[in-house]
Amino acid sequence: MMQKKCPQCKNLISIAAPTCLFCGRPNKFVTNNYVNKKWNKEYKKDILSNFKKLISSKRFLIFFISILIILVIRLYK
């Protein structure tokens, strides 16, 4: 297993590790995609719109209704 020294705390860490285990410094360059996932409001809006599409889909409605029917049957037995 290849190891290197963390530039911040000088402890040995694995090359494949995403962050330093000791100080938390990122091991790899932070990409634009990573920043967008964490902080971009438009990216979060896309996730919410995808969730809204899921809820409005027929499969989800069938699944939700079947779960409700099963719960009602179990409650009234």
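Select Ser 14 first. This residue sits in strand 2, which covers residues 12-14. The model is predicted, so treat every value on this tour as computed from it. Is Ser 14 buried or exposed? Ser 14 is buried, because its relative accessible area is 19% and the cut-off for buried is under 20%. Now show the neighbours of Ser 14. Leaving out residues up to four places away in sequence, Ser 14 touches Met 1, Met 2, Gln 3 and Asn 27.

**Zoom out to the whole chain**

Colour by secondary structure. You should find 3 helices and 2 strands. Follow the chain along its sequence and the pattern reads β-β-α-α-α. The chain has 77 residues, and 8% of them count as buried. Next, turn on the surface. The chain exposes about 7,400 Å². Carbon and sulfur atoms supply 65% of that area. One more figure concerns contacts with a separation of 6 or more: residues 24 or more positions apart account for 0% of them.

**Go to Lys 10**

Select Lys 10, in the loop between strand 1 (3-5) and strand 2. Lys 10 counts as exposed, because its relative accessibility is 53% and exposed means over 50%. Check its backbone too. What is phi of Lys 10 near? The angle is near 65°, a positive value in a residue other than glycine. Most residues other than glycine have a negative phi.

**Move past strand 2**

Select Ala 17. You are now in the loop between strand 2 and helix 1 (32-39). Ala 17 is buried, with a relative accessible area of 15%. Add Asn 27, the residue that also touches Ser 14. Ala 17 and Asn 27 are 10 residues apart in sequence. In space, their C-alpha atoms are 6.7 Å apart.

**Stay in this loop for Arg 25**

Arg 25 also lies between strand 2 and helix 1. Its relative accessible area is 34%, so Arg 25 is partly exposed. Which residues does Arg 25 touch, not counting those up to four places away in sequence? They are Cys 6, Pro 7, Gln 8, Thr 19 and Cys 20. Pick Pro 7 from that list and draw a distance. The C-alpha atoms of Arg 25 and Pro 7 are separated by 8.7 Å. Along the chain, these two residues are 18 residues apart.

**Look at the cysteines**

Show the sulfur atoms. A disulfide is a covalent bond between the sulfur atoms of two cysteines. How many disulfides are counted here? The count comes to 0. Start with Cys 20, which is in no disulfide. Its nearest cysteine sulfur is that of Cys 9, 3.6 Å away. The cut-off is within 2.5 Å, so a pair at that distance does not count. Cys 20 counts as buried, at 3% relative accessibility. Then click Cys 23, which is in no disulfide either. The nearest cysteine sulfur to Cys 23 is that of Cys 20, 3.6 Å away. Cys 23 is partly exposed, with a relative accessible area of 34%.

**Finish on helix 3**

Select residues 58-75, which form helix 3. Leu 71 is in this helix. Leu 71 is partly exposed, with a relative accessible area of 47%. Now look for the nonpolar surface patch to which Leu 71 belongs. The patch measures about 920 Å². Highlight the other residues that make it: Leu 61, Phe 63, Phe 64, Ile 65, Ile 67, Leu 68, Ile 69, Ile 70 and Ile 73.

Terms used: Residues numbered from 1 in each chain as written. Predicted model: local features only at pLDDT ≥ 70, side-chain atom pairs only at ≥ 80, totals over all residues. Heavy atoms only, no water. Patch = residues over 30% accessible without salt bridge, like charges linked within 9 Å, V, L, I, M, F, W, Y side chains within 5 Å. Areas by Shrake-Rupley, 256 points an atom, 1.4 Å probe, with all protein chains shown as cover. Salt bridge = Lys/Arg side-chain N within 4 Å of Asp/Glu carboxyl O. Helix = DSSP H or I, 4+ residues; strand = E, 2+ residues; numbered from the N terminus. Buried < 20%, exposed > 50% of the residue type's maximum accessible area, 1.4 Å probe, protein only. Contact = heavy atoms within 4.5 Å.
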